[in-house]
Amino acid sequence: MKSSNDLRTLLRSVDHKSYPAYKSLGGSWQFPLYTLVIDHVQGDPFASPSALHAEIPLARAGFPGEYYKKDCMRIALQDFLTRQLAKQFEAFNFKAKGSGKSGLLSISRCGQEVLERSACQITADRLIVRFHVGFPAFGRTINAGELEKILFEFLPRCMESSLYFQKLDKQKVQQAVFLAEDQEEIRSLLKQKKLVAFLADGSILPRKSGISELPMKDCVPFASPESMRQTLQLPHRGSITGMAIPQGITLIVGGGYHGKSTLLEAIQSGIYNHIAGDGREYVITDDTAVKLRAEDGRCVRNVDISLFINDLPNGKDTTVFSTEDASGSTSQAAAVMESIEAGARLFLIDEDTSATNFMVRDDFMQQVISRKKEPITPFIERVGDLYKKTGVSTIMVAGSSGAFFYIADHILQMDCYHTRDITASVKALCEQRKAPETQAPHFPEALCLDAPISAGVRSGDAQTAGTLTAQTANAKSAGTRIAGSSGAQSPQIRFHRILPAYRRTEHAHRGGHGNAGRGGASAGKYEHMKVKSSGLESFSLDKETVNVRYLEQLTDNEQVTALAYLLRFGLEQVSDGKKTVQESVQLIMDTLREKGWQAFCSSYVPCGLAVPRAQELFACFNRFRG
């Protein structure tokens, strides 16, 4: 390996040459404290900045081994180091002068959630950090002196101040790591105690504004109702008290602007760990939870929505329902079935973003429009059986219909931002009224599970995305229907959808040698589909756009970019017309866990990827129109 002095010599030799001469700097260079690797050099000073990474032996970094012995602790430490290096980069950003992006120093900008990112990785023997540098130039002429400042002055100071244990605030490092272990303990206790969420007393749930995830100042701290208060024992924090939401059906009600949606949003964000000071550090939710909503216009492909929709006027088969332009009700019905397939054990629903005709039909409407004339079986008539027979719980914000009171196990009222348990008083009122129809007949036994669906694959944790009954598991063919045991009239549900083999078009291959199937077996040189992401809105693979705007639990742009890489790998390397969607997603997530980001990237691993959940990867397969 060449030394840093060799890099300095080479750098000075290209000074004042045309910008492409910077390409000669690519490769590995040994510095006194770390190895610097220049992975990719930008084409000109106005292009995306150059990609670099540094490797530090773990023994030299000096972090105690117990700080990364568990995946949750390792991820928290990586997150902490990324934030530290980002702060250092801010002090030196654009201190080197030049045109375009000259002098830029950047790394992932972490939000309030703790995510596993490509920006910082702790492997068995080294610490790897990936970042971007804008190589300086005047016009398009190399300014080697300014880049020398960055590589030999700014960068070593940033590295030494943020990536070595002896230089950091040891108490803050420990706090970040121990907090993650406490959060993971709460997740474990949720399963043991048959809970779906826990919100610690004193948590700050409201956010600063609609465009800021920082905690709101001077707001009402969360306080649990006495009837749902539990005390948990954590390894480092000790005892902690808060509201424990049991499995089942939980309603959140209350007047407008009293905090219903704020509570639900905190719960849906609880699938992630949060940093100290966020206010939601101890708001922890079942990590398979999926926020459901109507999504007019989305595509649906071969989804069995017959549990909710049957006998369409056009005669369309709803056991293999497909459309390029779903309505609100069909999109939400498809989302329910897709989420079960993705291993969700908890549904989160806000009435405001749901299709009204999918959620409920009152008695008067049923008198006017008889059941025989209505193809939709509303969610209210299925949600009870979804929990009793499949174990899928629901937390729902309701404001317009009291019909859900009759089936709810727990009812929470938000009153001036205070949470009250009003279950007993509401149930007493229910006994004085005629109960509406809240259960539809013929719930399919094929949906019943022998064992709970295991958690979706989280960072560093490979688990089966869905475990169905032996009867269901044997139905591998996309054309196989599974009859319920309750008789011929029971709906027939199929989960094991086959992922079709993806056929790439001519523009995806150099030389125009035509379709090459998923493996790129054309006579031309194979080329990956081009990836482009647009924040939290969408990403595209070549000319196909996948809209992720309504996947509300995506919280970081880097997750969207990572989903594009994972989906591309699935389409190019996994889809063969034989594997189910479950098998495909499981294989992709296992590959990520075992081989890391390199398996999904062409020549080098870029900074700017964050591990998503398996549930969101399922959703992307379901929304890909190609």
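This report covers the overall build, one strand, and the cavities and largest pocket of a predicted model.

## Overall build

The protein chain has 626 residues, and 56% of them are buried. Its secondary structure comes to 15 helices and 28 strands.

Contacts reach far along the sequence. Among those between residues at least 6 apart, 70% join residues at least 24 apart. The accessible surface comes to about 26,100 Å². Carbon and sulfur atoms hold 49% of that surface.

## Strand β22 and its partners

Strand β22 spans residues 346-350 and is mostly covered. Five of its five residues are buried. L346, L348 and D350 point one way from the strand. F347 and I349 point the other way. Residues on both faces are buried, the charged D350 included.

β22 has pairing on record with β19 and with β23. With β19 the pairing is parallel and runs over three bridges. With strand β23 (residues 393-397) it is also parallel, over five bridges. L348 features in both pairings: K291 stands opposite L348, and L348 stands opposite I395 in β23.

## The largest cavity

Rolling a probe the size of a water molecule over the atoms shows where empty space is left. In this model the count comes to four cavities of 30 Å³ or more. The largest cavity holds about 220 Å³ of space. It is lined by 19 residues, and the closest to its centre are V290, S339, L551, A619 and R623.

Three elements give two or more residues to this lining: β19 (290-292), α7 (328-341) and α15 (614-623). α15 gives the most, with six residues. β19 is also the strand that pairs with β22. By class, the lining of the largest cavity has eight nonpolar, four polar and seven charged residues.

## The second largest cavity

The second largest cavity has a volume of about 90 Å³. Its lining takes in R301, N302, R497, I498, L499, P500, V581, F621 and N622. β20 (300-303) and α15 each supply at least two of these residues.

Helix α15 therefore appears in the linings of both cavities, under the DSSP assignment of elements. In the second largest cavity, the lining divides into five nonpolar, two polar and two charged residues. R301 and R497 are the two charged ones.

## The largest pocket

The largest pocket has a volume of about 990 Å³. Its lining has 36 residues. Closest to its centre are R207, G210, S212, E213 and T555.

Which elements each supply at least two residues of this lining? They are β12 (207-209), β13 (212-215) and α6 (260-269). α6 gives the most, with five residues. Two of the central residues fall at the starts of strands: R207 begins β12 and S212 begins β13. E213 also lies within β13.

The lining of the largest pocket divides into 14 nonpolar, ten polar and twelve charged residues. R207 and E213 are among the charged ones.

## Summary

α15 gives the most residues to the lining of the largest cavity and also supplies at least two to the second largest. α6 gives the most to the lining of the largest pocket. β22 is buried along its five residues and pairs in the parallel sense with β19 and β23.

Note on methods. Residues numbered from 1 in each chain as written. Predicted model: local features only at pLDDT ≥ 70, side-chain atom pairs only at ≥ 80, totals over all residues. Heavy atoms only, no water. 1 Å grid on protein atoms, 1.4 Å probe; cavity = no way out; pocket = protein on both sides within 12 Å on 5 of 7 lines; lining within 4 Å. Points joined across faces, edges and corners; volume = space filled by probe spheres on them. Helix = DSSP H or I, 4+ residues; strand = E, 2+ residues; numbered from the N terminus. Buried < 20%, exposed > 50% of the residue type's maximum accessible area, 1.4 Å probe, protein only. Contact = heavy atoms within 4.5 Å. Areas by Shrake-Rupley, 256 points an atom, 1.4 Å probe, with all protein chains shown as cover. Pairing = 2+ DSSP bridges.
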